[in-house]
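Subject: the structure I promised

Hi,

Here is the structure we talked about. Have a look at it first, and my notes follow below.

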Amino acid sequence: MADGLGQLPADDGQVPDLPEAAERRFSEGAFTSGLTVPDFAACLQMGLEPVGYVQGFCVMQWQWYGMGSPFGTFGSPFSGGTRGYTESWQCPHGYVSAEHRGWGQNYEQSWIEDAWHQGFDGAYSRMLEEASAAGAHGVVGVTDTSQPLGDLGVLEFRVQGTAVKVAGAAPPADGRPWTTYLAGQRLAKSIEAGLAPVSIAATVASVRVWAYCVTEYLTEGSSGSWGYQSAAAEIDQMSKAHMAVRRIAREQIRGRLDHDSLHGASMITSERELGQGDAELQCILRGNRVRRFKAFDPLPAPRPTVRLL
Amino acid sequence: MSPAPGDEGAGPVDIGTEMRAAADFLSRPPSATPADRGARTSDLSMDEEIALHSIGWEPLQLVCGACLFSVPMGVWNWGQGEIAYASNAYARAFAGASEQLHAECTKVGGRGVVGVHVEAEVYRHHVDVVLLGTAVRPVGSTGLSADPVFVSDLSGRDFALLMSSGWAPLGLAVGASFVYAPRRSAGTAMKQKSQNIELTNFTEAMYSAREAAMERMQEAALGMDATGVVEVKVTEGPMDFARHAVSFTAYGTAVHLVADQHRTLSPRMILPMDDPVQAFDVSSLRG
Amino acid sequence: MSDAPQDLPEGASRRLEELEKGLFTSDLSVNEFLLIKEVGFHPLGFVMGSSIYHTGIQTRKWGQSQELTKLTGAMYEARELAMTRMEEEAAELGADGVVGVRLDVNYYEWGKDAAEFIAVGTAVKAESGVSHRNKLGKPFTSDLSGQDFWTLMQTGYIPQGLVMGTCVYHIAHRGLGQTLGSAGQNVELPNFTQALYEARELAMTRMQDEANELDASGIVGVRLEEKSHQWGSHTIEFLSLGTAVVKTSDQVTLPTPLTIISLDN
């Protein structure tokens, strides 16, 4: 299975050919580009020739056990199906009953992370294929989205950008174009600062909170029969889950950077409350993987100005 | 860090040459011994990184802290005066998140955290605070410094400006207070209906709550030995789930002067000539 | 410009004492903070004033377009009270003035027919020790941002106070037919345009009167706001705001600006 760095999957016949329309589009002369006019001008100034607008799609079935939610669904803590983060809590009350949740666990939903990666990498590698076919050196101004398609229980991954050729330069080492979320002046500044774009990097971390009695009571504000005073406390299980999901996302990306750096990152975390203190947390971390290509040379301090208008 | 001596007469950089150099570099496999490569992660924009570099600092790693603190049931039912459980939960959640942010920063060897995104949400039964930022340090510094780690929601650019004028951030000073809106008795209500008068018991309650939040923020700043607090953000308003309960929060970056005195920047005044022909627009007279 | 001072709540006094010990607070951005220091001022503290006022009216379909003088009075007093309390906090800190003043109105669902008027700003003091208070000996107030304050100070003009005038006007419900039949009555203005014109002029004239009280040379940054608050669309408050300034020196130290054309979007 492809990693998050756009490695083309092994040639086992699974990747379909480019659509015929795409081949036609690239063989004709005029280029298409998703760049704005200022970004286009900046690209030309940098010696980047736009070759064409490239895109890749991948539609994943996103239904597990019949629940059509973009987050997947419950996995039982007893299934033993996760690798990675897991932490558990025991009820301190010594009270046993069918409704009293004597045991709880936070666990990483690695199957959801794997599925997301499959979708993202599938879309990404197809975009790279289009770019390679067009003879591009790199792809700039990449955007990636994942959205549910209507009510069908599917998630569509899209990765798209503008393929470019660098005038007078050699093609990339392994024939695989470099990619970046940056475009225009922001890319120019990155180059001036000595950082070369290697690829975009994106990952998702998914943590499920299976609440135990204390978490359930604190989150619902109820004190049960355990006293009003004890109901004002840090919700340890939830705090740990929030820290874990963000930590896992960062660790996953760092594990793939291989000494390169991640710049201009954006981390978006969302939470879905499932009732009774249960919750599902998802953290998507994106950024530009860059590599230093010339010695660090700080620009002089910028001159402060005040605009009169 | 000032530019290297040879650069003064270098003239503007030819970006086309630089891009070709970058592309050629990428056409070779990466070097085996990554002496100058260091797996950094940062959510600062390119402009912020350049501003940091111009004062000799560099980004290290993305760091974060999160804490959820519960609010017992029944706290939001109408009462009188301050809602102590809520104010306390907010303070504890913020403190818990800050502590973790500090710890992560120290672990990665940072001197402080800039560009912190502060997400503080108050729900009916819990207060959630999440802080996310980039740990930074002076270029090439290693080992722990004697100074405590600072945390600030200032952007990389504002941090660089502040440092250039001789000030340094200390931490995020936070204050919050939650209060019940006072009730009006029926008799007072009728009397007040036709007159233009101030509703003094309301004023007193809102005023005190607002001042309490600001005071707590100030106390937090004084506790850090700060000289001042800049970029204070004050928010206030009723809770979505309990419209008779009002929250006041204030937070900002606590700072102190590290140079002997404030250094003036002497900004250059510029007049952009970018306007197209503009007809007079009367709506510009309105606020 | 201000009424007799009112007592500040106890909480305010405690907070101000802390500020007097030397800590400053401000909601100025870093840019504004640095520009204020450039012109020789130092921030002292974030100052606030508020008052909750009853603003209800009995809605009737008045036949005439007219000013609702009682409401005008209420809206004016409410803001004055908020501004006065803010000035008092500034005076207590020993400030020369308040910059970045914002006037906001909050409506709370539990207070029907009531609104909270808030004035907030940052108190500043000249580092030279020379007093910059206005003609009435009170700290000046201004809604100028840090950048505008920096620019103004270099023109030889200094702010005196935030001046305002307000007028609550009711626009008649009467239709055209009825209007034609009532020619000859003094109070009714048959033309809506005339009514709105009158209202705006009243607001601006009152603002000018306040500036005259301060012996100002002029008013900068004037803007006119229109709000219906909670009264429905036929009753509008016209609020005119500006910063009164006075010329203190003929010397303009404003450097010649560099003209640029920016090529960024």
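A quick term before anything else: I call two strands paired if DSSP finds at least two bridges between them. With that in hand, a good place to start is A:Val306, which stands opposite B:Met269 in β8(B). That residue pair belongs to a link between chains: β10(A) and strand β8 (residues 268-272) of chain B run parallel and are joined by three bridges. Keep in mind throughout that this is a predicted model.

**How far to trust chain A**

The mean pLDDT of chain A is 80, with 78% of its residues at 70 or more. Among the elements of the chain, strand β6 (residues 178-179) of chain A has the highest mean, 96, and helix α1 (residues 20-27) of chain A has the lowest, 60. Two stretches call for some care. Over residues 1-16 of chain A the pLDDT stays under 50, and the model gives this stretch 28 contacts beyond four places in sequence. Residues 64-80 of chain A are also below 50, with 22 contacts in the model beyond near neighbours in sequence. Where pLDDT is low, the predicted coordinates should not be read in detail, so please don't build anything on those contacts.

**Inside chain A**

Chain A has six helices and 10 strands. Of its 309 residues, 44% count as buried. If you take the contacts in chain A with a separation of 6 or more, 74% of them are between residues 24 or more positions apart.

One sheet to look for in chain A is open and has four strands, in the order β1-β5-β4-β6, with mixed pairing. β1 (48-61) and β6 of chain A are the edge strands; each has a single partner, so one side of each has no neighbour in the sheet. β1(A) pairs with strand β5 (residues 154-166) of chain A in the antiparallel sense, over 13 bridges. If you want a residue pair to find on screen, A:Gln61 has A:Val154 in β5(A) as its bridge partner.

The chain is divided into two domains: domain 1 covers 31-72 + 110-193, and domain 2 covers 83-108 + 195-295. Their C-alpha centres lie 28 Å apart. Where they meet, 16 residues of domain 1 of chain A are in contact with 18 residues of domain 2 of chain A. On the domain 1 side, the elements that give two or more residues are α3 (110-133), β4 (138-148) and β6 of chain A. The largest share, five residues, comes from α3(A). By class, that side of domain 1 divides into nine nonpolar, five polar and two charged residues.

**Chain A against chain B**

Here 68 residues of chain A are in contact with 64 residues of chain B. On the chain A side, the elements giving two or more residues are α4 (184-192), α5 (213-220), α6 (236-257), β8 (261-275), β9 (278-292) and β10 (305-307) of chain A. Which of them gives the largest share? That is α6(A), with nine residues. The side of chain A that touches chain B has 36 nonpolar, 17 polar and 15 charged residues.

**Chain C against chain B**

For this pair, 50 residues of chain C are in contact with 52 residues of chain B. Elements that each supply at least two residues to the chain C side include α1 (10-20), α2 (30-38), β2 (41-54) and α3 (69-92) of chain C. β2(C) makes the largest share of that side, eight residues. By class, the side of chain C that touches chain B has 24 nonpolar, 13 polar and 13 charged residues.

Chains B and C also share a sheet. This open sheet has four strands in the order β5(B)-β7(B)-β6(B)-β1(C), and the pairing is mixed. Its edge strands, each pairing on one side only, are β5 (167-180) of chain B and β1 (24-25) of chain C. Within chain B, strand β6 (residues 228-239) and strand β7 (residues 242-257) run antiparallel and are joined by 10 bridges; B:Gly237, for one, stands opposite B:Ser247 in β7(B). Across the chains, β6(B) and β1(C) pair in the parallel sense over two bridges, and C:Phe24 in β1(C) is the bridge partner of B:Gly228.

Give me a shout once you've had a look.

Cheers

Technical notes:
Residues numbered from 1 in each chain as written. Chains lettered and ligands numbered in written order. Predicted model: local features only at pLDDT ≥ 70, side-chain atom pairs only at ≥ 80, totals over all residues. pLDDT = per-residue confidence, 0-100. Contact = placed C-beta atoms within 7 Å. Nonpolar A, V, L, I, M, F, W, Y, C, P; charged D, E, K, R; others polar. Buried ≥ 20, exposed ≤ 12 C-beta atoms within 10 Å, placed from the backbone. Domains from an automatic or database assignment.
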